[in-house]
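Grab a pencil and work through these short exercises. Try each task yourself before reading its solution.

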Amino acid sequence: MNRPLRVSFDIGGVLSKRPDVFRPRVAALTAGGAEVFVLTDMHPHEKSVKLMHDNGYAIPPERILNADYTTHGER
């Protein structure tokens, strides 16, 4: 079974720091059929969604995943 490539990026220091660099990359991955996710320890979820929208990313809210850094650390 062929499944799409899944790629995840961090918000802080990556997507929000260099949107001019990463917006075209995210768009190209999406256009090529990849599923692009955001994994962040930023909370609340609505803040993460707004930040992605404000930076011009078209990543669906359900693909923005908020981790619990206190519980999981760098894992």
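**Exercise 1. Find out which strands α3 lies across, and at what angle α3 runs to β3.**

Solution. Start with the helix: α3 lies across β2 and β3, where contact means heavy atoms within 4.5 Å. Next, compare directions: α3 runs at about 145 degrees to β3. Axes here are lines fitted to C-alpha atoms, for helices over the stretch in contact, with angles from 0 to 180 degrees between N-to-C directions. Now do likewise for α2, which lies across β1 and β2 and runs at about 160 degrees to β1.

A few ground rules: this is a predicted model, where local features need pLDDT of at least 70 and side-chain atom pairs count only at pLDDT 80 or more, while totals for chains, interfaces and linings use all residues. Residues are numbered from 1 along each chain as its sequence is written, and side-chain values use heavy atoms, leaving out hydrogens and water.

**Exercise 2. List the elements of the protein chain in order from the N terminus.**

Solution. Count first: there are four helices and three strands. Helices (H or I, at least four residues) and strands (E, at least two) are DSSP runs, numbered from the N terminus. Then walk along the chain, and you get β-α-α-β-α-β-α. Last, zoom in on one stretch: β2, helix α3 (residues 45–54) and β3 make a right-handed β-α-β unit. Right-handed means that, with the strands pointing away from you, the path from the first strand over the helix to the second runs clockwise.

**Exercise 3. Work out the order of the strands in the sheet and how they pair.**

Solution. Take the pairs one by one, remembering that two strands pair if DSSP finds at least two bridges between them. β1 and β2 run parallel, joined by four bridges. β2 and β3 (residues 64–66) are also parallel, over three bridges. Put together, that's an open sheet in the order β1-β2-β3. β1 and β3 stand at the edges with a single partner strand each, so one side of each has no neighbour in the sheet. From one strand to the next, the twist averages 30 degrees.

**Exercise 4. Which residues does V38 stand opposite, and which does V38 touch?**

Solution. Look across to β1 first: F9 stands opposite V38. In β3, the residue opposite V38 is I64. Further along, T40 stands opposite N66 in β3. Now for touching: leaving out residues up to four places away in sequence, the contacts of V38 include L15, M52, I59 and L65.

**Exercise 5. How many residues are in the largest nonpolar core, and which elements feed it?**

Solution. Such a core is a set of buried Ala, Val, Leu, Ile, Met, Phe, Trp, Tyr and Cys residues joined through side-chain atoms within 4.5 Å. Buried means under 20% relative accessible area with a 1.4 Å probe, protein chains only. The largest core has 13 residues, and F9, V26, V38 and Y57 are among those with the most contacts inside it. β1 (6–9), α1 (11–15), α2 (19–31) and β2 (35–40) each give two or more residues. Finally, check β2: five of its six residues are buried, so β2 is largely enclosed by the rest of the structure.

**Exercise 6. Locate P44 and describe the peptide bond from H43 to P44.**

Solution. P44 is in the loop between β2 and α3. The bond from H43 is cis, with omega near -5 degrees. For context, most peptide bonds are trans.

How values were computed. Buried < 20%, exposed > 50% of the residue type's maximum accessible area, 1.4 Å probe, protein only.
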